[in-house]
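User: Please take a close look at one part of this model and work outwards from a single side chain to the packing around it. I would like a connected account rather than a list.

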Amino acid sequence: MSLSASSTAGQAPRFAVVGVPGNRRVTLFQDAVRAAGLPAARVVPWLDVLRGEASFRPGETVRMDSPGEDTEVERLLRTVGDPARVEGTARWYAGFTSAVRTVARAAAAAGAELLDDPDDVAVLFDKRLCHAVLDGAGVPVPASATSGAAAPVVRDWADVRERMADHGMSRVFVKLAHGSSASGVLAVETAGPGRIRATTSVERDASGRLFNSLRVRRITAEPEIAAIVDALAPDGLHIERWLPKATRHGRATDLRVVVVAGRATHAVVRTSHSPMTNLHLGGERGDLDAVRSAVEAAGSSWSGALAVCERAAACFPDTLCVGVDLLPSTGWRRFAVGEVNAFGDLLPRLTGLPGSGAEGLDTYAAQVAAVQNRARNNRATATA
């Protein structure tokens with residue numbers, strides 16, 4: 001259950017956060033809770049959830065955060081000892097969505113309310129399902145050869161080649177269906193028979209195991225590309241058209257837009273010389289004012305761009321906050337949604353957009369304020 005009428009209608013929110021104790025996400029959320037004059041959030045470790053030891057209290061508002069950056073949680077979810085390994089995302093997805101449903105059942109039994117809907121989370125962590133939901137709602141997305149639960153399974157590199165040919169795609173992103181942070185992503189482009197190139201941060205060791213690297217590299221040997229894709233395929237793959245992005249100063253540009261309670265509150269520009277703009281892969285933050293000006297100068301609408309993100313978030317109405325990856329097309333006139341992220345709010349020190357209602361607030365403070373506003377509205381309704 002999200003922010004509907006709840007047991008907090010007569011009092012200020014009391015938070016519990018399911019996360020990794022001491023993690024920067026939990027720390028930033030705690031800072032926001034305290035800054036709002038509320039008692040510190042009670043931290044429920046993901047390890048307790050996975051061990052069947054988590055419990056909640058009546059009236060608590062329960063926020064789930066990323067289980068990342070905990071080696072033992074990663075081992076239990078993926079059964080892979082090295083967190084740099086790429087393989088095991090299908091096991092991770094099954095284990096994590098099961099854990100999320102465990103949290104939901106425990107919260108419901110205790111009379112607590114949940115800020116993240118388990119069905120939403122299951123879709124958000126499957127790129128194939130998420131793409132189909134967005135497309136079905138009329139949200140602009142890149143064309144895909146794997147959208148929806150009924151799409152044929154991609155078994156290997158030969159299947160990727162076949163899907164590209166069948167859908168007339170010479171440039172695609174091949175992504176792990178349950179991946180995040182560009183893990184296992186290949187940007188593949190072809191230029192006639194025998195000419196192919198893949199850009200990726202995946203490294204393969206002598207035994208064929210795959211590892212995430214901070215180094216983005218280009219591969220032109222098709223057998224090497226095929227070996228990586230064949231190793232990734234058992235975990236599930238998503239293929240989508242590689243849209244040409246707008247550029248600034250020769251760098252590909254996209255945006256991460258955070259939507260809280262249905263409203264776009266924060267945005268950051270990401271730029272890169274590679275197709276992946278993730279900051280940990282060498283991407284850099286860009287000038288938001290310059291991007292906004294470029295959009296308006298092209299005859300497009302900045303508010304319209306944010307509205308695309310809000311439409312994407314509206315597909316997940318029972319989840320308080322999502323991060324939307326917004327892809328501006330060449331020329332800055334059109335926008336598409338690349339992904340919607342359940343835990344896309346880690347943007348330290350970034351304050352809210354003008355006119356968003358979150359001015360002066362970071363992404364975590366904006367979420368706390370949204371919960372407080374709903375609690376106030378519930379109290380007003382109860383006393384009317």
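Analyst: In this predicted model, the side chain of Asp159 reaches the backbone nitrogen of Arg155 at a distance of 2.8 Å. Asp159 is found in helix α7, which covers residues 157-166, and the residue counts as buried because its relative accessibility is 3%, where the cut-off for burial is under 20%. When neighbours within four places in sequence are set aside, Asp159 is in contact with Val153 and Val154.

From this residue the account can move to the helix that carries it. A pair of packed helices is described by the angle between the two axes together with the distance between them. For α7 the partner is helix α8, made up of residues 222-232, and the two pack at an angle of about 105 degrees with their axes 8 Å apart. The helices α7 and α8 are therefore roughly perpendicular to each other, since angles of 65 to 115 degrees are counted that way. On the α7 side the contact is made by Trp157, Val160 and Arg161, while α8 contributes Glu222, Ile225, Ala226, Val229 and Asp230. By character, the residues of this contact divide into five nonpolar and three charged, with no polar ones.

A second helix pair can be set beside this one. The axes of helix α3 (residues 71-78) and helix α4 (residues 89-110) come within 7 Å and cross at roughly 100 degrees, so that α3 and α4 are likewise roughly perpendicular to each other. Here Glu74, Leu77 and Arg78 of α3 meet Thr89, Arg91, Trp92, Gly95 and Phe96 of α4. The residues of the contact between α3 and α4 comprise three nonpolar, two polar and three charged.

The nonpolar cores complete the picture. The largest nonpolar core has 63 residues, of which Trp46, Phe56, Leu134, Val337 and Val340 touch the most other members. Helix α4 gives the most to this core, with nine residues. Leaving aside neighbours within four places in sequence, Trp46 is in contact with a set of residues that includes Val18, Val20, Met64, Pro67 and Val73, and also Phe96, Ala99, Val100 and Val103. Phe96 thus appears both among the contacts of Trp46 and among the α4 residues that meet α3. A second, separate core of 25 residues includes Met164, Met169, Val174 and Ala226, and Ala226 is also one of the α8 residues in the contact with α7, the helix in which Asp159 is found.

Key:
Residues are numbered from 1 along each chain as its sequence is written. This is a predicted model: local features need pLDDT of at least 70, side-chain atom pairs count only at pLDDT 80 or more; totals for chains, interfaces and linings use all residues. Side-chain values use heavy atoms; hydrogens and water are left out. Helices (H or I, at least four residues) and strands (E, at least two) are DSSP runs, numbered from the N terminus. Buried means under 20% relative accessible area, exposed over 50%, partly exposed in between (1.4 Å probe, protein chains only). A polar contact is a pair of N or O atoms within 3.5 Å; within protein, one must be able to donate a hydrogen and the other to accept it, and residues adjacent in sequence count only if both atoms are side-chain atoms. Contact means heavy atoms within 4.5 Å. Axes are lines fitted to C-alpha atoms, for helices over the stretch in contact, and angles run from 0 to 180 degrees between N-to-C directions. Angles under 35 degrees count as roughly parallel, over 145 as roughly antiparallel, 65 to 115 as roughly perpendicular and the rest as oblique. Ala, Val, Leu, Ile, Met, Phe, Trp, Tyr, Cys and Pro count as nonpolar, Asp, Glu, Lys and Arg as charged, and the others, Gly among them, as polar. A nonpolar core is a set of buried Ala, Val, Leu, Ile, Met, Phe, Trp, Tyr and Cys residues joined through side-chain atoms within 4.5 Å.
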